[in-house]
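User: Hi! Could you walk me through how some of the labels on this model were arrived at?
Analyst: Gladly; let's put each label next to the value behind it.

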Amino acid sequence: MINIEGYVYDGSSTRKHPATLLASGGGQIKVIYERGEMAAQLEDVRVSQRLGNIERQFRFDNGAVFVTADNDRVDQFLKQALGKHPGGLIHMLETKSRYVVLSLLILVLAMVWSVTIGIPRLAQHAAEIAPEALVEQISAQAMEVFDDHLLAPSELHPETQAWLQQEFAKLAADYPDYRFTLHFRDGGDIGANAFALPGGDLVVTDALVELAEVDKEVLAVLAHEMGHVVHRHGLRRLFEDSMMAALLFGVTGDINSFAQTAAALPTLLVSRSYARDFEREADEFAQQVMQRHGIDDIHFANILSRIDDEGFGRHGSDFLSTHPNTRERVQRFNGE
């Protein structure tokens with residue numbers, strides 16, 4: 001017989017009463033306290049797992065709860081009655097330094113896999129099956145944020161806008177399943193820039209149009225942005241950021257960081273760089289579109305080089321800062 005000292009809540013009040021639990025190796029349990037006693041079989045009692053030095057609980061069917069800090073005696077009783085005790089593995093892992101180190105290593109490896117492989121794959125799948133209504137809502141909300149805080153109405157001559165709209169429509173006609181819409185905006189500090197929203201909204205700043213020496217340079221940039229839409233790069237990146245924030249919240253419990261990331265998701269569509277593979281995929285898409293429409297690759301190389309030469313690429317939120325690896329891409333479009 002094992003005696004375990006503790007206290008009991010008998011279910012009739014919130015008061016706790018000093019009590020003794022008598023446990024036999026056969027699984028019989030009896031709790032004795034000032035108001036009387038309770039008896040039960042171990043199989044009818046829920047025993048909490050051992051976690052560090054946290055008090056253990058024996059929950060009875062009648063609502064009573066016996067609580068004790070004598071974890072060693074509880075484990076002794078459970079070992080005799082069951083041959084093992086609930087939470088034994090957890091307790092072992094948290095009390096043995098080598099297991100703690102091993103657990104931390106496994107956690108780090110799991111997080112690295114999640115960040116580098118798991119989340120990107122899950123984000124890609126989510127982007128592929130995302131309902132179009134959701135995609136359009138994301139784009140509409142992001143466009144509203146940009147117009148309210150980052151962009152201003154375009155000051156380009158209406159004839160220039162109309163001509164580029166007409167030429168862009170020819171490119172977009174190749175992809176009737178996508179709702180491409182071209183927007184001209186004064187980007188202010190954004191400078192020479194172009195970006196695409198997941199729903200097919202393409203934004204070109206006045207500075208980029210003015211920097212282009214021929215219209216085909218602007219069309220080359222737009223073909224590239226169409227590639228991001230068709231391959232759902234923006235949506236995949238948005239889902240990745242959301243999942244990363246959720247992972248961070250799950251590990252740290254920092255709800256403020258999670259909320260801040262969620263609130264900033266619309267601007268992340270522009271402020272964060274695309275991955276190298278995304279850029280390469282969009283460039284290859286642009287080359288195919290340009291080839292079909294008789295636009296020489298040199299036009300894209302020229303506009304990229306000119307942006308770099310003019311220094312726009314050093315201001316942080318322009319076309320080159322959100323589209324990295326300029327030299328490599330220029331060489332690709334120059335056929336080098």
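**Labels and the values behind them**

Analyst: This is a predicted model, and a good place to start is Tyr7, whose bridge partner in β2 is Pro18.

User: What makes β1 and β2 a pair?

Analyst: A pair needs at least two bridges. Strand β1 (residues 2–9) and strand β2 (residues 17–23) have 7 bridges in the antiparallel sense, so by the two-bridge rule they count as paired.

User: How do you know that β3 and β4 pair, and how many residues lie between them?

Analyst: Strand β3 (residues 28–33) and strand β4 (residues 36–41) are joined by 6 bridges, also antiparallel. With at least two needed, they are therefore a pair. Between them lie 2 residues, and the two strands form a hairpin. Tyr33 stands opposite Gly36 of β4.

User: Why are β4 and β5 said to stand at the edges?

Analyst: The open sheet has 7 strands in the order β4-β3-β2-β1-β7-β6-β5, with antiparallel pairing. β4 and β5 (46–47) each have a single partner strand, so one side of each has no neighbour in the sheet.

User: Which helix lies across this sheet's strands?

Analyst: That is helix α1 (residues 71–82), which lies across β1, β2, β3, β5, β6 (56–59) and β7 (65–68). Its direction is at about 115° to β1.

User: Now the helices. Why are α5 and α7 called oblique?

Analyst: The axes of helix α5 (residues 158–172) and helix α7 (residues 215–230) cross at roughly 45° and come within 10 Å. Angles under 35 degrees would be roughly parallel, and 65 to 115 roughly perpendicular. The value of roughly 45° falls in neither range, so α5 and α7 are oblique to each other. Their crossing is right-handed.

User: Which residues make that contact, and how do they divide by type?

Analyst: From α5 come Trp163, Leu164, Glu167, Phe168, Leu171 and Ala172. From α7 come Asp215, Val218, Leu219, Leu222 and Met226. The residues of this contact divide into 9 nonpolar, no polar and 2 charged.

User: One last residue: is Arg232 buried or exposed, and how do you know?

Analyst: Arg232 has a relative accessible area of 17%. Buried means under 20%, so Arg232 is buried. Arg232 sits in the loop between α7 and α8 (233–252). Arg232 also has a positive phi of about 55°, although it is not a glycine.

Terms used:
Residues are numbered from 1 along each chain as its sequence is written. This is a predicted model: local features need pLDDT of at least 70, side-chain atom pairs count only at pLDDT 80 or more; totals for chains, interfaces and linings use all residues. Side-chain values use heavy atoms; hydrogens and water are left out. Axes are lines fitted to C-alpha atoms, for helices over the stretch in contact, and angles run from 0 to 180 degrees between N-to-C directions. Helices (H or I, at least four residues) and strands (E, at least two) are DSSP runs, numbered from the N terminus. Angles under 35 degrees count as roughly parallel, over 145 as roughly antiparallel, 65 to 115 as roughly perpendicular and the rest as oblique. A crossing is left-handed if the near helix is turned anticlockwise from the far one by less than a right angle, and right-handed if clockwise. Contact means heavy atoms within 4.5 Å. Ala, Val, Leu, Ile, Met, Phe, Trp, Tyr, Cys and Pro count as nonpolar, Asp, Glu, Lys and Arg as charged, and the others, Gly among them, as polar. Buried means under 20% relative accessible area, exposed over 50%, partly exposed in between (1.4 Å probe, protein chains only).
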